[in-house]
Amino acid sequence: MLRIYNTKTRKKEEFKPLVEGRVGMYVCGPTVYGLPHLGHAKSYVNFDLVHRYLKFLGYKVKYVQNITDVGHLVGDGDEGEDKISKQSKLEGLDPYEIAYKYECEYFKAMDALNVLRPSISPRATGFIMDIIEAVQEIIDAGYGYVTKQGNVYFDVHKYSSYGQLSNRKLDETVSGERIDIASDKHSPEDFALWKSVDARTLMKWDSPWGEGCPGWHIECSVLSRKFLGERFDIHGGGIDNLFPHHECECAQGDILTGRVPMNYFMHNNLVTINGTKMGKSLGNSMTLESLFEKYGAQTIRYFILQFHYRSIIDFSDEAIAAAAKQLNKIEEFVLSVRGKTNTEKEPTGEVKEIYDACLAAMDDDFNSPVLIAQILALIKLGSKLEDNRAGELLYVINRMVGDVLGLKFEARAEQQPQIDTEIEKLAKERWEAKQARNYAEADRLRLLLDEKGYTIKDSKDGYEIIKK
């Protein structure tokens with residue numbers, strides 16, 4: 001039985017989908033104005049694990065992940081410059097070029113991390129008319145108001161449930177969150193549904209309230225409703241978006257659909273760098289491009305999966321080195337088992353006990369570190385089992401390491417350089433001489449192979465040619 005920690009209730013709950021056998025999942029996607037970084041990897045590898053396990057359980061998953069290509073202002077508030085527009089000035093490119101450029105970079109990085117593509121990745125700019133209609137619905141319901149400047153705000157004080165997700169009260173809002181408050185708001189806590197822009201702005205659209213662009217929060221409410229309906233199963237995102245972004249989504253969704261649309265709210269935690277919060281504004285954001293070049297994408301994926309999605313990850317060279325060492329151990333085990341058999345067998349005995357423990361770990365709020373601990377236990381057990389049980393190990397590997405954890409390993413045979421025919425002939429002659437107890441000839445051929453840059457590794461079943 002799968003149990004999920006629901007941020008809405010602050011407890012683990014049994015997962016019961018709205019429609020049997022189907023799951024609707026929405027995860028807040030990237031704002032595409034810069035290269036993807038470690039924080040992106042943390043979030044989307046975490047939700048890839050969720051996506052993969054739901055599919056593994058047999059659910060048909062409709063996974064929607066938006067692309068924010070307009071409306072997300074610097075500082076995440078309602079005042080200031082759009083992040084994409086700001087980057088377009090820095091690079092001397094059209095804002096649409098910036099958004100497309102970094103959207104491509106994002107998906108390239110996700111592919112390298114073996115993150116499954118969402119079912120749908122809608123861009124906010126593709127659904128402006130839907131957003132305008134939703135804003136008008138909120139106004140007509142009495143929860144939105146239009147100012148003389150052409151801005152539209154959600155009137156938070158009219159919505160008594162505001163704070164239901166974050167457990168905040170309006171009078172507890174700290175002063176630091178009131179910086180750069182728009183002068184035309186009824187209240188500092190009100191948030192933008194539509195923002196007016198000046199004539200120089202390139203990303204703008206006509207609306208009943210004048211030229212402008214959508215606020216950041218409204219796109220997720222609109223896109224989740226459009227593609228998943230008025231109610232859906234899981235909404236995911238980073239813990240840093242819990243307030244105000246997801247709080248505002250709950251309010252908007254409630255007004256638009258008559259109830260808070262998502263049944264389960266899931267939040268992944270943050271990344272720190274040597275104990276310090278990671279952030280682009282702090283100057284310690286690490287791009288995935290540089291991390292892949294230094295460590296490899298699969299090592300980054302495995303490093304993330306070593307931690308529970310609700311835990312903070314502290315990144316350091318030492319932690320990555322330890323992860324790489326452990327990943328190499330798993331790779332050697334996987335390739336060893338595949339070298340013995342390509343036929344799966346239903347696990348029995350102690351192998352089945354470990355497999356059941358793997359499932360129990362994932363059923364307990366997607367507990368990947370416990371799952372990995374069970375894989376390491378399987379490696380230890382595998383060293384003691386007879387080769388005729390390799391099929392049982394393969395059964396667990398294919399499901400837990402491949403399907404669920406999303407780790408891929410190439411066969412060593414495909415990675416080895418092509419051995420020259422002459423070398424193969426010399427190695428065979430050496431083996432035959434050794435078998436005939438002609439050790440002088442075997443040693444001569446071994447030295448000859450060594451001079452040509454090859455060593456021979458003997459085993460009870462034969463030998464392996466290794467290029468130095």
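Residues 174-180 are where pLDDT stays under 50, and over this stretch the model has 7 contacts beyond four places in sequence. Keep in mind that this is a predicted model. For the protein as a whole, the mean pLDDT is 91, and 94% of the residues reach 70 or more. With that in hand, let's walk through the strands, a helix, the cysteines and some backbone details.

**A hairpin**

- Strand 1 (residues 3-6) and strand 2 (residues 11-14) run antiparallel and are joined by 4 bridges.
- Which residue of strand 2 is the bridge partner of asparagine 6? Look for lysine 11, which fills that role.
- Between the two strands of this hairpin there are 4 residues, and arginine 10 takes a positive phi near 60 degrees there.
- As background, strands of a sheet pair through backbone hydrogen bonds, either parallel or antiparallel.

**An open sheet of 3 strands**

- Further along, 3 strands form an open sheet in the order 12-11-13, with mixed pairing.
- Strand 12 (276-277) and strand 13 (313-315) are at the edges and have a single partner strand each, so one side of each lacks a neighbour in the sheet.
- Strand 11 (residues 271-273) runs antiparallel to strand 12, and 2 bridges join them.
- For isoleucine 273, the bridge partner in strand 12 is threonine 276.
- Helix 1 (residues 38-56) lies across strand 11 and strand 13, and its direction is at about 145 degrees to strand 11.

**Helix 10 and its surroundings**

- How many residues does helix 10 have? Helix 10 (residues 349-363) has 15 residues.
- From its first C-alpha to its last, helix 10 reaches 21 Å, close to the 21 Å expected at 1.5 Å a residue.
- Its buried residues include Val351, Ile354, Tyr355 and Cys358, and Leu359, Ala361, Met362 and Asp363 are buried too.
- Among the elements that cover these buried residues are strand 1 and helix 1, along with helix 11 (368-382) and helix 12 (390-404).
- Aspartate 365 comes just after helix 10, in the loop between helix 10 and helix 11.
- Phi of aspartate 365 is near 60 degrees, a positive value in a residue other than glycine.
- Is aspartate 365 buried or exposed? With 0% relative accessibility, aspartate 365 counts as buried.

**Cysteines without disulfides**

- A disulfide is a covalent bond between the sulfur atoms of two cysteines.
- The count of disulfides here comes to 0.
- Why does cysteine 28 have no bond to cysteine 220? The sulfur of cysteine 220 is the closest cysteine sulfur to that of cysteine 28, but the 3.9 Å between them is too far for a bond.
- Cysteine 213 is in no disulfide either, and the nearest cysteine sulfur, in cysteine 220, is 15 Å away.
- Cysteine 28 counts as buried at 6% relative accessibility, and cysteine 213 counts as buried at 8%.

**Backbone details to look for**

- The peptide bond joining phenylalanine 243 and proline 244 is cis, with omega about 10 degrees.
- Where is proline 244 found? This proline is in helix 6 (residues 242-257).
- Asparagine 114 is not a glycine, although its phi is positive, at about 60 degrees.
- You can find asparagine 114 in the loop between helix 3 (95-112) and helix 4 (128-140).
- With a relative accessible area of 17%, asparagine 114 is buried.

Terms used: Residues are numbered from 1 along each chain as its sequence is written. This is a predicted model: local features need pLDDT of at least 70, side-chain atom pairs count only at pLDDT 80 or more; totals for chains, interfaces and linings use all residues. Side-chain values use heavy atoms; hydrogens and water are left out. Two strands pair if DSSP finds at least two bridges between them. Contact means heavy atoms within 4.5 Å. Axes are lines fitted to C-alpha atoms, for helices over the stretch in contact, and angles run from 0 to 180 degrees between N-to-C directions. pLDDT is the predictor's confidence in each residue, from 0 to 100. A disulfide is a pair of cysteine sulfur atoms within 2.5 Å. Buried means under 20% relative accessible area, exposed over 50%, partly exposed in between (1.4 Å probe, protein chains only). The expected span of a helix is 1.5 Å times one less than its number of residues.
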